[in-house]
Amino acid sequence: ISPKMHGIIDIGPGIGMQLASNLLLMFIGWYLDQVIPSEYGIPKPWNFLCIRKKKDVADEQRKKLLDEEQGPQTKEYAVSSAIYEEKSEKSIKEEPAVRLE
């Protein structure tokens with residue numbers, strides 16, 4: 001990076017590079033803290049960032065089974081029926097009581 005006219009130096013790119021360097025070093029430190037064995041805890045495998053969690057896989061399988069059980073119903077139908085049920089419950093609550101004379 002060369003100085004601009006009359007010897008004025010722009011410090012913006014330098015600050016940007018320092019920020020990028022700090023973020024990179026923070027990420028490397030966090031990664032090594034997760035991977036290198038320590039006194040407490042269990043170290044993670046070196047490729048833990050690319051491994052899917054078992055919980056995520058189980059959630060996807062559960063959603064898939066629920067979708068198969070529901071059959072041809074669509075999400076729009078389920079939402080509209082839930083809104084209809086909510087409105088019907090409100091109308092029942094809002095009906096005036098019958099007066100006995």
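**Notebook: helix α1, its rings and its surface**

I began with two aromatic residues and noted that F27 and W30 both sit in helix α1, 3 residues apart, which is about one turn of the helix. I keep in mind throughout that this is a predicted model.

**Overall layout.** I looked up the secondary structure of the protein chain and found 3 helices and 0 strands, with the pattern α-α-α when I read along the sequence. Of the 101 residues of the protein chain, 3% count as buried. For the surface, I noted that the protein chain exposes about 10200 Å², with carbon and sulfur atoms supplying 62% of it.

**Aromatic rings.** I then asked how many aromatic pairs a search of the whole structure finds. The search gives 3 aromatic pairs. One of these is formed by F27 and W30, and I recorded it as tilted, with 6.0 Å centre to centre and 40° between the planes. I wrote down both values because a pair of aromatic rings is described by the distance of the centres and the angle of the planes. Following the ring pairs further, I found that they link F27, W30, Y31 and F48 into a cluster.

**Exposure of the pair.** Are F27 and W30 buried or exposed, or do they fall in between? I noted that F27 counts as partly exposed because its relative accessibility is 42%, and that W30, at 38% relative accessibility, also counts as partly exposed. For this step I used the cut-offs of under 20% relative accessible area for buried and over 50% for exposed, with partly exposed in between.

**Nonpolar patch.** I next checked which residues make the nonpolar surface patch of about 760 Å². The patch is made by L24, L25, F27, I28, W30, L32, I36 and L49, so F27 and W30, which I had already entered as an aromatic pair, are listed here too. I looked at L32 separately and placed it in helix α1, which covers residues 12-35. L32 counts as partly exposed because its relative accessibility is 39%.

**Loop after α1.** Last, I turned to E39, which I found in the loop between α1 and α2, the latter covering residues 54-70. E39 is exposed, as its relative accessible area of 68% shows. I also asked which side chain makes a polar contact with the side chain of E39. The partner is the side chain of Y40, and I entered the contact at 3.4 Å.

How values were computed: Residues are numbered from 1 along each chain as its sequence is written. This is a predicted model: local features need pLDDT of at least 70, side-chain atom pairs count only at pLDDT 80 or more; totals for chains, interfaces and linings use all residues. Side-chain values use heavy atoms; hydrogens and water are left out. Patches are made of residues with over 30% relative accessible area and no salt bridge: like charges are joined within 9 Å, nonpolar side chains (Val, Leu, Ile, Met, Phe, Trp, Tyr) within 5 Å. Accessible areas come from the Shrake-Rupley method with a 1.4 Å probe; for residues, only the protein chains shown count as cover. A salt bridge is a side-chain nitrogen of Lys or Arg within 4 Å of a carboxyl oxygen of Asp or Glu. Helices (H or I, at least four residues) and strands (E, at least two) are DSSP runs, numbered from the N terminus. Buried means under 20% relative accessible area, exposed over 50%, partly exposed in between (1.4 Å probe, protein chains only). A polar contact is a pair of N or O atoms within 3.5 Å; within protein, one must be able to donate a hydrogen and the other to accept it, and residues adjacent in sequence count only if both atoms are side-chain atoms. Rings of Phe, Tyr and Trp (its six-membered ring) pair if their centres lie within 6.5 Å; planes under 30 degrees apart count as stacked, over 60 as edge-to-face and the rest as tilted.
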